[in-house]
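Hello,

Here is the structure I promised to pass on to you. Please open it beside this email and follow along as you read.

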Amino acid sequence: MAETASLGRIPGGIRGWLSRRTTTQLSAAIAVLAALALTGSLLAMGRAVRMDQQEQAALDALADYGAMVSKLGVEASLTAETLTAADAAFLSAWLAAFQSGPTRDATSLEQTCRTGQGGAGVRFIKAPVGKPAGLAALEAVRAEPLPRLGQDVYAVRLARGVLCPGRSVDVVMVRRPAGSLDIIVGRVVDRSGAAWGRAVLAVGLAGGLILLSGLTASVFARRRLTTALAQVSQTLDRAAVGDFSRRAPEVGVAPELTELTAQVNRTLDRLEELLSWLRDSSDQLAHDFRTPLARAATRLAALREAPDAQTRRDLTEAAERDLAQLTRAMTETMALRDGEAWAFETVRLDELALSAVELYEPLAEARGIRILAEVEPVSVLGVQSLLQRAVANLVDNAVKFSPDGGRVVLKAGPDGDGGLLSVIDQGPGIDPIILGKAPARPKPPGDGPESHGMGLPFVRAIVRRHGGRMTIADAAPGAIVSLHFSR
């Protein structure tokens, strides 16, 4: 339900696109998006590290500028009118000494040019007279202001061969005047710090792992779904040719298909039940129709040669009874098929039992059979007319197959959360080997009683359509036929 609601909030175009994608494609797309997201985070992290390196270089350059101005002292206050060529030569020599001093920089220019490691310092000083001293390219190169790092702070790129013969470098520099002197002090920015390298490696490995895991998961999901669908398809193929012995696996193969496979299995169970009822009904119809048809045919043949009117009348009435029995059986079959409106209502099982006793009591008394009711109030949901037919079938069979002077007992009462109705007779019973098949009751020798209408298959079909079950047990002697209802 939550997934349906979330999909409902997705725009129609995207929802349509998603509906056309397979699970494998979606898994792969998620893996690629995750890898792209990591790449984006890596770029953002690189920019943050770069800004941190530039900030550190700017702080070092500002410290160098302050140190230079402090050491220049009075020389920094010389003006163009007072500055001589000798002073300019002195400043140049002093800058060269300051540039290459043994403790001036953490990293020498030689190390920077060899390894690309940042931290080396660069200088330039220009007086009104004389030649400038230091790296003149710092004045000529295009500079980018960095106001976030401070006033007069700039970033420059020194091409290959300007500072280092074999590589280009980035420099953050401070450009400020000191008296009549123009001073530029800079630091080379570290191009690939150790922390940055470790971050790149970690993020790269994580992105590769996510991408590989996503693709592997998509392949596994596709194979799992394909296997599960193949098993469901095989089960349906077997059912199509009449083999209902197999069921689709509901768990363990593809949890996404658990609801589908459960529904397929419920459908197959229902189909198997209906086919079983159809087989039982066919067997019972063949049994119930064969004898009345044979008797009616025999009596009609005898009617043609009957010697007197009374005999013809008796044969006609007997044939009519046989045909009426066939009509009743067919009517019951059609009632079960059509469901007789199938309007469920509250039905009292105890009242059905008492009504059946009252209906069959005259027939039972004629043979000396006692028919009793032991009931407690109990209600179930069902179709009143069909449940009446079912109980009437059971009581009719019980009375017909009980010996003269025997006893038939109807019991009704609560059974857990549902209800129970049982009919107990003292007839010949049913072979325990075939109890589970609920066949028609065995016919006594001679022209004895027949089972009523559709018999036990008809009763069992009614109970199943009400969500219940029918059981048959041995009463020693006789049989106990019980109807169990869950509600």
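Helix α10, residues 349-366, lies across four strands: β8, β10 (407-415), β11 and β13. Compared with β8, the helix runs at about 170°. Please keep in mind that this is a predicted model.

What order do the strands take in the sheet that β8 belongs to? Five strands form this open sheet, and the order is β8-β10-β11-β13-β12, with mixed pairing. At the edges you will find β8 (370-375) and β12 (469-474), each of which pairs on one side only. On average, neighbouring strands of the sheet are turned by 15° against each other, with direction ignored. If sheets are new to you, here is some background: strands of a sheet pair through backbone hydrogen bonds, either parallel or antiparallel.

One pair to look at is β11 (residues 418-424) with β13 (residues 479-485), which pair in the antiparallel sense over six bridges. To find your place there, look for glycine 419, which stands opposite phenylalanine 485 in β13.

Next, please turn to the surface. Val32, Leu33 and Leu36 form a nonpolar patch there, and together they have about 290 Å² of accessible area. Leucine 36 is part of helix α3, which covers residues 23-72. Is leucine 36 buried or exposed? It counts as exposed because its relative accessibility is 55%, and the cut-off for exposed is over 50%.

Valine 141 is another residue to visit. You will find it in the loop between α6 (137-140) and β3 (144-145). Its relative accessibility is 24%, so valine 141 counts as partly exposed. Which residues does valine 141 touch, leaving aside its neighbours within four places in sequence? Valine 141 is in contact with Val156, Arg157 and Leu158. Valine 156 is 15 residues away along the chain, and the C-alpha atoms of valine 141 and valine 156 are separated by 7.0 Å.

Finally, here is the chain as a whole. The protein chain has twelve helices and 13 strands. It has 487 residues, of which 38% count as buried. The chain exposes about 26500 Å², and carbon and sulfur atoms supply 58% of that area. Among contacts with a separation of 6 or more, 66% are between residues 24 or more positions apart.

Enjoy exploring, and do write back with your questions.

Best wishes

Technical notes. Residues numbered from 1 in each chain as written. Predicted model: local features only at pLDDT ≥ 70, side-chain atom pairs only at ≥ 80, totals over all residues. Heavy atoms only, no water. Pairing = 2+ DSSP bridges. Helix = DSSP H or I, 4+ residues; strand = E, 2+ residues; numbered from the N terminus. Axes fitted to C-alpha atoms, helices over the stretch in contact; angles between N-to-C directions. Contact = heavy atoms within 4.5 Å. Patch = residues over 30% accessible without salt bridge, like charges linked within 9 Å, V, L, I, M, F, W, Y side chains within 5 Å. Areas by Shrake-Rupley, 256 points an atom, 1.4 Å probe, with all protein chains shown as cover. Salt bridge = Lys/Arg side-chain N within 4 Å of Asp/Glu carboxyl O. Buried < 20%, exposed > 50% of the residue type's maximum accessible area, 1.4 Å probe, protein only.
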